[in-house]
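This briefing covers a predicted model. The points below are grouped by topic, beginning with salt bridges.

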Amino acid sequence: MSAVQYLAQEKIWFEKPQYDEAERRFYEGVNGPTRAPQSATASAGESGELIARMRSLELENQSLHKVVEDLRSALSKLECRVADLEKGPAAAPAATSCAKAAPAQQPKVRAPVEEDDDDDDLDLFGSDEEDAEAERIREQRVKEYAERKAKKPAVIAKSSILLEVKPWDDETDMAKLEECVRSVQVDGLVWGTSKLVPVGYGIRKLQIQCVVEDDKVGTDMLEEEITKFEDYVQSVDVAAFNKI
């Protein structure tokens, strides 16, 4: 079977492009004359609106330029005024020249100041008097500070000490031993509680608490005073020492 015979048997729409072209022309004939004027009118309207907006933007831009120029002028005047105020009263004429251009003026010649030959009012010792007054005030303040400091109570350093006093044997009178220990009385020493602690073989040792002022009483002094009772005391040891 040839290709021509095969295509003849197939159901193919060979005329479709012709029908499409005819359909396109038909719709163009129906809608074509009315569409072109509308698009032209729309284009003309859009162009007019665009021109109007551009003119409006130009006017707004011009007004903004004017506002910016006014602000620059005001800022320049303000800077000149601030500079004049910082320089002091001597720069007052400069403010006028900055704010507004003024015609050149002839420099004013200041009249020479006549010197006063009268030196009676000249204070040659004023500075010495002021220094003396300042020194007097400083000394007075130092004195007041020292007085206030002297009135404050001084902080007394104290310590808590736990002593262990050992007797010679189990026949030692522990009540008499404690009495001897408490008989040690010095300034800055306060005896506290006590108790008997077993050591062994029926022997007990005395543990006694005391509070001492560090500047007045020391552990060496306590041991020396207590060991003087040699009939009752064998040795003295410091079991605990704490700062208060």
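Asp 187 is exposed, at 56% relative accessible area. Its side chain meets that of Lys 216 in a salt bridge, with 3.1 Å from N to O. Asp 187 is in the loop between α5 and β2 and Lys 216 is in the loop between β3 and α6, so this salt bridge ties together parts that lie 29 residues apart in sequence. Like everything here, these values come from a predicted model.

**Salt bridges**

- Lys 216, the partner of Asp 187, counts as partly exposed, with 45% relative accessibility.
- The count for the structure comes to 14 salt bridges.
- Another salt bridge joins Arg 24 and Glu 21, whose closest N and O atoms are 2.3 Å apart.
- Both residues sit in helix α2 (residues 16–87); they are three residues apart, and therefore about one helical turn separates them.
- Arg 24 is partly exposed at 39% relative accessibility, and Glu 21 is partly exposed at 31%.
- Lys 228 and Glu 225 form a further salt bridge, with 3.3 Å between the closest N and O atoms.
- Lys 228 counts as exposed, at 52% relative accessibility, whereas Glu 225 is partly exposed, at 24%.
- Glu 21, Arg 24, Arg 25 and Glu 28 are joined into one network by salt bridges that share partners.

**Aromatic pair**

- Searching the whole structure turns up one aromatic pair.
- The pair is Phe 26 and Tyr 27, with ring centres 5.4 Å apart; the ring planes stand at 70°, so the arrangement is edge-to-face.
- The 70° angle qualifies because planes over 60 degrees apart count as edge-to-face.
- Phe 26 is exposed, with 53% relative accessible area, while Tyr 27 counts as partly exposed, with 44% relative accessibility.

**Chain layout**

- The chain has six helices and four strands.
- Along the sequence, these elements follow the pattern α-α-α-α-β-α-β-β-α-β.
- Among the chain's 244 residues, 13% count as buried.
- The accessible surface of the chain is about 20600 Å², and carbon and sulfur atoms account for 54% of that area.
- Of the contacts in the chain with a separation of 6 or more, 66% are between residues 24 or more positions apart.

**Strand pairing**

- Strand β1 (residues 158–166) pairs with strand β3 (residues 203–213) in the antiparallel sense, over eight bridges.
- β1 also pairs with strand β4 (residues 235–243), again antiparallel and over eight bridges.
- Val 165 takes part in both pairings: its bridge partner in β3 is Leu 206, and in β4 it stands opposite Val 236.
- β3 pairs with β2 as well, in the antiparallel sense over nine bridges.
- Within that pairing, Ser 194 has Ile 208 in β3 as its bridge partner.
- β2 and β3 make up a hairpin with two residues between them, and Tyr 201 in the turn has a positive phi of about 60°.
- In a regular strand, side chains alternate between the two faces of the sheet.

**Nonpolar core**

- The largest nonpolar core has 18 residues, and the members touching the most others are Leu 163, Val 165, Val 181, Leu 189, Trp 191, Leu 222 and Ile 226.
- Two or more residues of this core come from each of β1, α5 (174–182), β2 (189–200), β3 and α6 (219–226).
- β3 supplies the largest share of the core, four residues.
- Which residues does Leu 222 contact, leaving aside its neighbours within four places in sequence? The contacts are Ile 161, Leu 163, Leu 189, Trp 191, Cys 210, Val 212 and Val 217.
- Val 165 is thus listed among the core members that touch the most others, and the same residue has a bridge partner in β3, Leu 206.

How values were computed. Residues are numbered from 1 along each chain as its sequence is written. This is a predicted model: local features need pLDDT of at least 70, side-chain atom pairs count only at pLDDT 80 or more; totals for chains, interfaces and linings use all residues. Side-chain values use heavy atoms; hydrogens and water are left out. Rings of Phe, Tyr and Trp (its six-membered ring) pair if their centres lie within 6.5 Å; planes under 30 degrees apart count as stacked, over 60 as edge-to-face and the rest as tilted. Buried means under 20% relative accessible area, exposed over 50%, partly exposed in between (1.4 Å probe, protein chains only). Two strands pair if DSSP finds at least two bridges between them. A nonpolar core is a set of buried Ala, Val, Leu, Ile, Met, Phe, Trp, Tyr and Cys residues joined through side-chain atoms within 4.5 Å. Contact means heavy atoms within 4.5 Å. A salt bridge is a side-chain nitrogen of Lys or Arg within 4 Å of a carboxyl oxygen of Asp or Glu. Accessible areas come from the Shrake-Rupley method with a 1.4 Å probe; for residues, only the protein chains shown count as cover.
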